[in-house]
Amino acid sequence: MASLNNVILIGNLTKDPELKFIPSGQAVCNLRMAMNRKWKATNGEWKEESTFVGVVVWGKSGEACGEYLKKGSPVLVEGRLQSRSWETADGQKRSILEVVAERVQFLSGGPRREGGAGGSTGVSDSESSPPPPSEPSGAGNDDDIPF
């Protein structure tokens, strides 16, 4: 039987990203997201709930998240679920279910770090495209169209 492990989330960061570098020098950024859901109960009353999810972003994407995002930033995350288990120093077993991001889209309208670009920006380890080239002066002028 085939299986699928794919997650798409849109929400806001609940705290500033935590960017670290592992001994190999690779970046890893931990994000904490909140997604809100609003619905009408059977009694007609509006209810609201928040779901909090941890997200791990590796490599250049993680570095970009650490540089341009901060608490309150709206983001879209695509990735997969992963569970991890460990034992604390006092012997207690812990586990967590988190999202390992394959793509992070910065959504406009939220706070940015100083010097960060506004607008919508996406980062992905699978696609690292350079910014679009700037148009030469006069580009877009209808008189320059050859037909």
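Author: A charge counts as sitting over a ring if NZ of Lys or CZ of Arg is within 6 Å of the ring centre and within 35 degrees of the ring normal. With that in hand, let us look at this predicted model together.

Reader: Thanks! How far from the ring centre of Trp 46 is Lys 38?

Author: Lys 38 lies over the face of Trp 46. The limit for such a placement is within 6 Å of the ring centre. For Lys 38 and Trp 46, the distance is 5.8 Å.

Reader: And which ring does the charged end of Arg 37 sit over?

Author: Here the charge belongs to Arg, and its distance to the ring centre is 4.3 Å. The ring beneath the charged end of Arg 37 is that of Trp 39.

Reader: Moving on to rings with rings, is the aromatic pair of Tyr 68 and Phe 106 stacked, edge-to-face or tilted?

Author: The structure holds 1 aromatic pair. Its members, Tyr 68 and Phe 106, are 6.4 Å apart centre to centre, with 50° between the planes. Planes under 30 degrees apart would be stacked and those over 60 edge-to-face, so what remains for this pair is tilted.

Reader: How many residues apart are the two partners in the chain?

Author: The pair links distant parts of the chain. Tyr 68 belongs to helix H1 (residues 59–68), while Phe 106 belongs to strand E6 (residues 93–106). Along the chain, their separation is 38 residues.

Reader: Which of those two, Tyr 68 or Phe 106, is buried?

Author: Tyr 68 has a relative accessible area of 28%, which makes this ring partly exposed. Buried means under 20%. The other partner has 2% relative accessibility, so the buried one is Phe 106.

Reader: Let us turn to the strands. Which residue in E4 is the bridge partner of Met 33?

Author: E3 (residues 27–40) pairs with strand E1 (residues 7–13) in the antiparallel sense over 2 bridges, and there Met 33 is the bridge partner of Leu 13. E3 also pairs in the antiparallel sense with strand E4 (residues 46–58), over 13 bridges. In E4, the partner of Met 33 is Val 53.

Reader: Which residue takes a positive phi in the hairpin of E2 and E3?

Author: Strand E2 (residues 18–21) runs antiparallel to E3, joined by 4 bridges; one of the pairings is Lys 20 with Val 28. The hairpin has 5 residues between the strands. A positive phi near 95° is taken there by Gly 25.

Reader: What is the phi of Gly 44 in the hairpin of E3 and E4?

Author: This hairpin has 5 residues between the strands. Gly 44 takes a positive phi, near 90°.

Reader: How far apart in space are Arg 80 and Glu 98, C-alpha to C-alpha?

Author: Arg 80 is in strand E5 (residues 74–87), and Glu 98 is in strand E6. They are 18 residues apart in sequence, yet each appears in the contact list of the other. From C-alpha to C-alpha, the distance is 8.3 Å.

Reader: Is Glu 98 buried, exposed or partly exposed?

Author: Arg 80, at 31% relative accessibility, is partly exposed. Buried needs a value under 20%. Glu 98 has 5% relative accessibility and is therefore buried.

Reader: Finally, which side chain is joined to that of Glu 98 by a polar contact of 2.6 Å?

Author: Contacts of Glu 98 beyond its neighbours within four places in sequence include Gly 54, Val 56, Leu 81 and Gln 82. Gln 82 has a polar contact of its own, 3.3 Å, with the side chain of Arg 80. The polar contact of 2.6 Å joins the side chain of Glu 98 to that of Arg 84.

Notes:
Residues are numbered from 1 along each chain as its sequence is written. This is a predicted model: local features need pLDDT of at least 70, side-chain atom pairs count only at pLDDT 80 or more; totals for chains, interfaces and linings use all residues. Side-chain values use heavy atoms; hydrogens and water are left out. Rings of Phe, Tyr and Trp (its six-membered ring) pair if their centres lie within 6.5 Å; planes under 30 degrees apart count as stacked, over 60 as edge-to-face and the rest as tilted. Buried means under 20% relative accessible area, exposed over 50%, partly exposed in between (1.4 Å probe, protein chains only). Two strands pair if DSSP finds at least two bridges between them. Contact means heavy atoms within 4.5 Å. A polar contact is a pair of N or O atoms within 3.5 Å; within protein, one must be able to donate a hydrogen and the other to accept it, and residues adjacent in sequence count only if both atoms are side-chain atoms.
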